[in-house]
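The following exercises concern strand pairing, backbone geometry and the surroundings of selected residues. Each task is followed by a solution in steps.

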Amino acid sequence: GSGAHRLGVTPATLGQKLQVYAVGLGASVRRVALSPDGAWLALALDGAGPATGVDVRVVDSKTLQTVWERKDLDDDDGAVAWRSPGDALAFGGGSTHLLLLDAKTGETAAVFAGHTAAMRTLAWAAQGTRLLSAGLDGTARVWTVAPGKAPKSLVSMTRHCPGGCTGVAITAAVWGDAAGTWAVTASDDGAILAWDAPQAPP
């Protein structure tokens, strides 16, 4: 994905472009995520040009036809992450929206409340029960997600800016292992931190 308004589907071994998905002149792909089974691509768009108003779009990875899209999120620079086994998609918008979307329909399945600024990174632990989020409010959060229950923030990690988060953004966050026992976060002040992550309660 890029500001060149198109997305290339490329095999990692050969580096030869297979297909090109054209969003259209004036629209940029901000984030892209492939579903666990490789069937769908989720695109976070800037909502400009031919994609005016579109915040997130899911397309078939083979045909590149649109499966669904959302235009009601009022966000233009979101982050996306598929949950294994691909039944849901987390979308963190350019404002404070953090949503769990149904993979087939795009409908909102749950709302995560806690961030106070835009999100830049989302990552699921392998079990699909915990989500790592980080953004411009200077915090990283670990959420527990259980069927029939509202998402709950297990921890809000603020060590990047213990004295106040003004001007310090967490720009990247990843799990340290597949089980999600620890995480690594980086901020725009040059700090990189590794920290223990809480497990979901039974």
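**Exercise 1.** What is the strand order of the open sheet of 3 strands, and is the pairing parallel or antiparallel?

Solution. The model is a predicted one, in which local features need pLDDT of at least 70, side-chain atom pairs count only at pLDDT 80 or more, and totals for chains, interfaces and linings use all residues. Residues are numbered from 1 along each chain as its sequence is written, and side-chain values use heavy atoms, with hydrogens and water left out.

Step 1. The order is β15-β16-β17, with antiparallel pairing; strands are DSSP runs (E, at least two residues), numbered from the N terminus, and two strands pair if DSSP finds at least two bridges between them.

Step 2. β15 (170–175) and β17 form the edges, each pairing on one side only.

Step 3. Neighbouring strands of this sheet are turned against each other by 20° on average, direction ignored; the axes are lines fitted to C-alpha atoms, and angles run from 0 to 180 degrees between N-to-C directions.

Step 4. Between β15 and β16 (residues 182–187) there are 5 bridges in the antiparallel sense. Val174 has Val184 of β16 as its bridge partner.

**Exercise 2.** Describe the open sheet of 4 strands.

Solution. Step 1. Its order is β11-β12-β13-β14, and the pairing is antiparallel.

Step 2. The edge strands, each paired on one side only, are β11 (119–124) and β14 (152–157).

Step 3. β11 is joined to β12 (residues 130–135) by 5 bridges, the two running antiparallel. Leu122 is bridged to Ser133 in β12.

**Exercise 3.** Locate the cis peptide bond that precedes Pro85, and characterise the backbone of Leu64.

Solution. Step 1. The bond from Ser84 to Pro85 is cis, with omega near 10°. Pro85 lies in the loop between β7 (79–83) and β8 (88–92).

Step 2. Leu64 has phi near 60°, a positive value in a residue other than glycine. This leucine, Leu64, belongs to the loop between β5 (56–60) and β6 (66–70).

Step 3. Leu64 counts as buried because its relative accessibility is 9%; buried means under 20% relative accessible area, exposed over 50%, and partly exposed in between (1.4 Å probe, protein chains only).

**Exercise 4.** Which residues does Pro198 touch, not counting residues up to four places away in sequence?

Solution. Step 1. Pro198 is placed in the segment after β17 (192–196).

Step 2. With 25% relative accessibility, Pro198 counts as partly exposed.

Step 3. Pro198 touches Arg130, Val142, Leu154 and Val155, not counting residues up to four places away in sequence; contact means heavy atoms within 4.5 Å.

Step 4. Trp143 and Pro198 are 55 residues apart in sequence, and their C-alpha atoms are 9.2 Å apart in space.
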